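Trainee: Could you take me through one part of this structure up close? I'd like to look at the sheet and what surrounds it.

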Amino acid sequence: MRLFRLVAGCLLIAAAGFAQAADAPVFDAAQTRRILSHGPWPPEMVADRSNRLSGRPEAIRLGAVLFGDTRLSGNGAISCQSCHQPQHGWSEARARSEGLQRLDRNAPGLLNARLQRWFGWDGANDSLWAASIRPILAHTEMGGSAAATAQLLRNDPPLACLARHVDPAAAAMEDADLLVLAAKAMAAFQETLVSPRTAFDDFRDALAASDRIAMTRYPAAAQRGLALFTGRGQCGTCHSGPNFSNGEFHDTGLPFFIGDAGQPPGTPRRVDPGRHGGIAQVKVNPFNLLGRYNDDPSSPAAIPIRHVVQLHRNWGEFKVPGLRNLIATAPYMHDGSKADLHAVIRHYSDLDEDRLHADGEAILKPLNLGDAEMADLLAFLESLSGPEDSAARYQALRAEAARVCP
Amino acid sequence: MIRYSLFAILLLAAVPAQAQQQAQQLAQQPASILPLIDAHVHYSHDAWDNLPTADAIAILRRANLRKVLVSSSSDEGTQRLYQAAPDIIVPELRPYRRRGEIGSWFRDDSIITHMEARLAQYRYVGIGEFHLYGADADLPVPRRMVALARQYKLFLHAHSDGDAVERLFRHDPDTIILWAHSGFDRPDAVRALLKRYPNLWADLAFRNDHASGSKVDPAWRALFEEFPDRFMVGTDTFTPERWYYIEEHAKWSRAWLADLPAPLAERIAFRNAEALFARTGFRIDR
């Protein structure tokens, strides 16, 4: 009798699995390869050789404290955390950020930032630490300075203590060197912001192991969305790899005028030059990887900055964002112009080809998705998110810093 | 010829005072600034929605452009610019009534009526920029377009592959073609067509391979030297936002042109475009 129940139970489980699989897609060899390329997750932690503080616990601790310190700003009221809020995937709910002035772009989320090659929507920085300097010095954002940052690190007892743990010679450093030390500590902290494993990762690993039972736990709608993503949609061409980003810049037909929506026709506008402007900035940035602040000039990380040149196509291109834990980072796109994921999907479904050059982004075509397909794609995108505890770890680091250097 | 001369006189009379003043300012520019003709600009309906005509003209003048070859979807954009600044705008007729006809115009008989009506009403230097590839060039609409170009003494501004360019020449060996983007072809392929067709000219719009930064690529340099009288520069404002790139593009063009001997640089910068316009009888105001 017990054996009969066991066999019947197994049959029921198998039947349920097959019932779920019946409306799930079958992936061919090419699609399977593409799906597997989006993992494994999480990737191995590799230290940033341009940043001698990368991975060092005492630097991570200092970085976490500085990240939330409003005294880095000129008016003493704005910190990195003001726009990169933990509860929003280290982005924010506003479409366009507000520093000392209203800015032109949405604050990008910082989860998995360490996996990037270029930083910011326009890639105006080539390291996470240089990207951490930019908002401090920008007069439209935090409006701080090297001198003020250095003074804070020298004269504020807890910060001076934390900095001393990072580098005993910190207090004697030049202002610019102390600014770089602060930025490298903040980068070390941001490197720890990694999104968690998700339902997609479980499916991907089950697929790799040919574990059909485990595969059936991934909802059929998400599987159909994945089939669209890696198939007809060709989304994975740019949203590639474990972080779902090729790290490069593209024009997806999105308008890049700057200004509030609803302006009457004929109102003069400004445009965001995107990557074109970013290349110009990174080339002359004294904190780029060709400069003296790079702790390992022989690192391959410095190769891209040597070779990058402005191209016509870069005008209005923006970085391909990673897609992990994207639920938390709404609104979307470089200017926060898409309120939710449905609006993003609709953009690609109804893509205006006339906005793309005839010899430009050849893979971009209107997807003309039906309602069911949009729902499937949404289910897949949502499956790339999972509960994560970076906000709690951030608070724990700050509390630890207060204990070490009260 | 009489018709064009009369047309030019009427134009001069129609130049608004502001435009004349701006033209005078242009003439007073330092001699060190290389004159430039931008041979690839569009001002389509979404452009004029976001960029008023006066602002568009101001961008062109800030870029120190001597002339600008403009075509638009619809043609109304070109006419708006031309009326505002006939001293700088050189109009050509795009066979599109609106955006979205890039892939269908050559099978749409009503385009013929559209072209005929506009050509009867307005003056142009060419027909284009149009998109046409391969055997589509043999369809009735493109054939009629070639005939209209001959009738009105206009050049064709073709965004085409080499195959379509050759088919257009077969329809009328005397036609004149400005090959948009030099077909995005390699220097050797461009050379082959330039050798074969003396009436073929080429713009360099939206391509980067001929110069990196301010340095001219050796293969392209050889091609420029072999055909010094065929090339010209252009921005290609295929979206409204790209109007704001015109100044940047002009700066870049002047930078790489400075890497060439001055006589060759001047030809590519503006003399070739002037010569092309002159082939059509269109008067160039200096």
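Mentor: Here is a walk through the sheet of chain B, followed by a short look at chain A. Keep in mind that this is a predicted model.

Start with the strands. The sheet in chain B is open and has 8 strands, running in the order β1-β2-β3-β4-β5-β6-β7-β10, with parallel pairing. At its edges you'll find β1 (36-42) and β10 (231-232) of chain B; each has a single partner strand, so one side of each has no neighbour in the sheet.

Now zoom in on one pair. β6 (residues 177-179) and β7 (residues 200-203) of chain B pair in the parallel sense, over 3 bridges. Put your cursor on Leu178(B) and look across to β7(B): the bridge partner there is Trp201(B).

Next, the helix on the sheet. α12(B) packs against it and touches β1, β2 (65-71), β3 (89-93), β5 (155-160), β6, β7 and β10 of chain B. The direction of α12(B) makes about 65 degrees with that of β1(B).

That brings us to the nonpolar packing. The largest nonpolar core has 84 residues, and the ones with the most contacts inside it are Val68(B), Ala158(B), Leu168(B), Ile177(B) and Trp179(B). Helix α12 (residues 262-279) of chain B gives the most to this core, namely 7 residues. Leu168(B) is a handy one to click on: leaving aside neighbours within four places in sequence, Leu168(B) is in contact with Ala137(B), Val146(B), Leu156(B), Ala158(B), Thr175(B) and Ile177(B). Another core lies apart from the largest one; it has 47 residues, including Ala64(A), Leu153(A), Ala185(A) and Leu397(A).

Since that takes us over to chain A, look at how the chains touch: 21 residues of chain B are in contact with 18 residues of chain A. On the chain B side, that makes 7 nonpolar, 9 polar and 5 charged residues.

Within chain A, try a helix pair. Helix α5 (residues 128-137) and helix α8 (residues 175-190) of chain A pack at an angle of about 115 degrees, with axes 8 Å apart, and their crossing is right-handed. From α5(A), the contact uses Leu128(A), Trp129(A), Ser132(A) and Ile133(A), while α8(A) brings Leu179(A), Ala183(A), Lys184(A), Met186(A), Ala187(A) and Gln190(A). Sorted by class, this contact has 7 nonpolar, 2 polar and 1 charged residues.

Last stop: the loop between α4 (80-83) and α5 of chain A, where Leu115(A) is found. Leu115(A) counts as partly exposed because 18 C-beta neighbours lie inside 10 Å.

Conventions. Residues are numbered from 1 along each chain as its sequence is written. Chains are lettered from A and ligands numbered from 1 in the order in which they are written. This is a predicted model: local features need pLDDT of at least 70, side-chain atom pairs count only at pLDDT 80 or more; totals for chains, interfaces and linings use all residues. Axes are lines fitted to C-alpha atoms, for helices over the stretch in contact, and angles run from 0 to 180 degrees between N-to-C directions. Helices (H or I, at least four residues) and strands (E, at least two) are DSSP runs, numbered from the N terminus. A crossing is left-handed if the near helix is turned anticlockwise from the far one by less than a right angle, and right-handed if clockwise. Two residues are in contact if their C-beta atoms, placed from the backbone, lie within 7 Å. Ala, Val, Leu, Ile, Met, Phe, Trp, Tyr, Cys and Pro count as nonpolar, Asp, Glu, Lys and Arg as charged, and the others, Gly among them, as polar. A nonpolar core is a set of buried Ala, Val, Leu, Ile, Met, Phe, Trp, Tyr and Cys residues joined through C-beta atoms within 7 Å. A residue is buried if 20 or more other C-beta atoms lie within 10 Å of its own, exposed if 12 or fewer, and partly exposed in between; C-beta atoms are placed from the backbone. Two strands pair if DSSP finds at least two bridges between them.
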